[in-house]
Amino acid sequence: MLDIGRRHFITLLGGAAATWPLAARAQQAGKLPTIGFEAASSSSPWTAAFVQRLRELGWIEGRTIAMEYRSSDGNPARQAEIAAEFVRLKVDVIVSTSIAVSTFKQATEVIPIVFALGADPIRGGVIASLARPGGNVTGLSVLSTDIASKRLELLREAVPSIRRLAVIANAGNPQAVLEVDEIKAVAHTLGIEIASLEIRRAQDIAPSFEALKADALYVASDVLVNTNRIRILTFAHSARLPTMFNNRYYIEAGGLMSYGPNFSDQFRRTAELVDKILRGTKPAEIPVEQPSRFELVINLTTAKALGLTIPDSFLLRVDEVIE
């Protein structure tokens, strides 16, 4: 009887341990809860927003939590290396922008994965549904595919002369490909010809602009594109191409226009999802969130450099003008 009772107690104890919050289990193992953070840069404003929100929630780097920063630069081989490294390090949560999520998901079905900038997570095969993501993945969508048509409409409204549109995207990113497909479909209905610039690495950017003939450039952003944004903008400016992006970060760097959610806000909210997971909530129980507000930003200095006159009626609808 005593042996049975002791075994029963140990079984109950083991079952209870399996339900302890990740943070508690990490501390029981003698280490700080660890976040594996894959993004373009550990010093980007988005990363800073994530870390600041974590601090507000009581997770202070080096004191109550550890951070492992990695960057893939959009390189699939590097993503696989990072995924394997995070699994080997036994991090408690993995945070990614979106492009590497599929790779992380293939590497682990146990470690929670949170994406901050999911372009089209359902069609991209990352989650089952927004309300019930299932498995070990959840996060925030940026609706890039859904609002791609709105971006094109805004670009055409600001630059009515567009007849041929260049679209640059990482051909190795399934969600970027979906966004390009949407742009092509909308462009067809508007009578706009598309020139696709497919890149898979930084070295593909320069050749893609050679002999390019277009009236404007639509950029399907991801980690690879973000890492090489200055290079892309330099080629676009040399070709005197008005540009459309999905967030203000590019406009501050000299792009013409952006339309999309505030990415710093996305990363702050991502920190809140990570907080929930560290305190015991399962990713499968956290619905994927969609942005409720989108901001239109325009750089008038760039417009002037390109010789563009933006209609006053358009400027009245802009959320922020950079001069």
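## Serine 72 and its surroundings

Two residues are in contact when heavy atoms of theirs lie within 4.5 Å. In this predicted model, and leaving aside neighbours within four places in sequence, serine 72 is in contact with Glu38, Ala39, Arg78, Gln79, Ile82 and Val223. Glutamate 38, one of these residues, also takes part in a polar contact, in which its side chain and the side chain of serine 72 are 2.9 Å apart.

Serine 72 is placed in the loop that runs between strand E2 (66–70) and helix H4 (76–89). Because its relative accessible area is 2%, which is under the cut-off of 20%, serine 72 is classed as buried.

## Serine 258 in strand E10

Serine 258 belongs to strand E10, which covers residues 257–260. The relative accessibility of serine 258 is 1%, and therefore this residue, too, counts as buried.

When neighbours within four places in sequence are left aside, the residues in contact with serine 258 are Met244, Phe245, Asn246, Asn247, Arg248, Ile251, Glu295, Leu296 and Val297. For arginine 248 there is a further detail, since the side chain of serine 258 reaches the backbone nitrogen of arginine 248 at 3.4 Å.

## Strands E6 and E7

Strand E6 (residues 164–170) is paired with strand E7 (residues 193–199) in the parallel sense, and seven bridges make up this pairing. Between these strands the chain passes through helix H7 (residues 174–190), forming a β-α-β crossover that is right-handed. Looking at a single position, alanine 166 has alanine 195 in E7 as its bridge partner.

Terms used
Residues are numbered from 1 along each chain as its sequence is written. This is a predicted model: local features need pLDDT of at least 70, side-chain atom pairs count only at pLDDT 80 or more; totals for chains, interfaces and linings use all residues. Side-chain values use heavy atoms; hydrogens and water are left out. Helices (H or I, at least four residues) and strands (E, at least two) are DSSP runs, numbered from the N terminus. Buried means under 20% relative accessible area, exposed over 50%, partly exposed in between (1.4 Å probe, protein chains only). A polar contact is a pair of N or O atoms within 3.5 Å; within protein, one must be able to donate a hydrogen and the other to accept it, and residues adjacent in sequence count only if both atoms are side-chain atoms. Two strands pair if DSSP finds at least two bridges between them. A crossover is right-handed if, with the strands pointing away from the viewer, the path from the first strand over the helix to the second runs clockwise.
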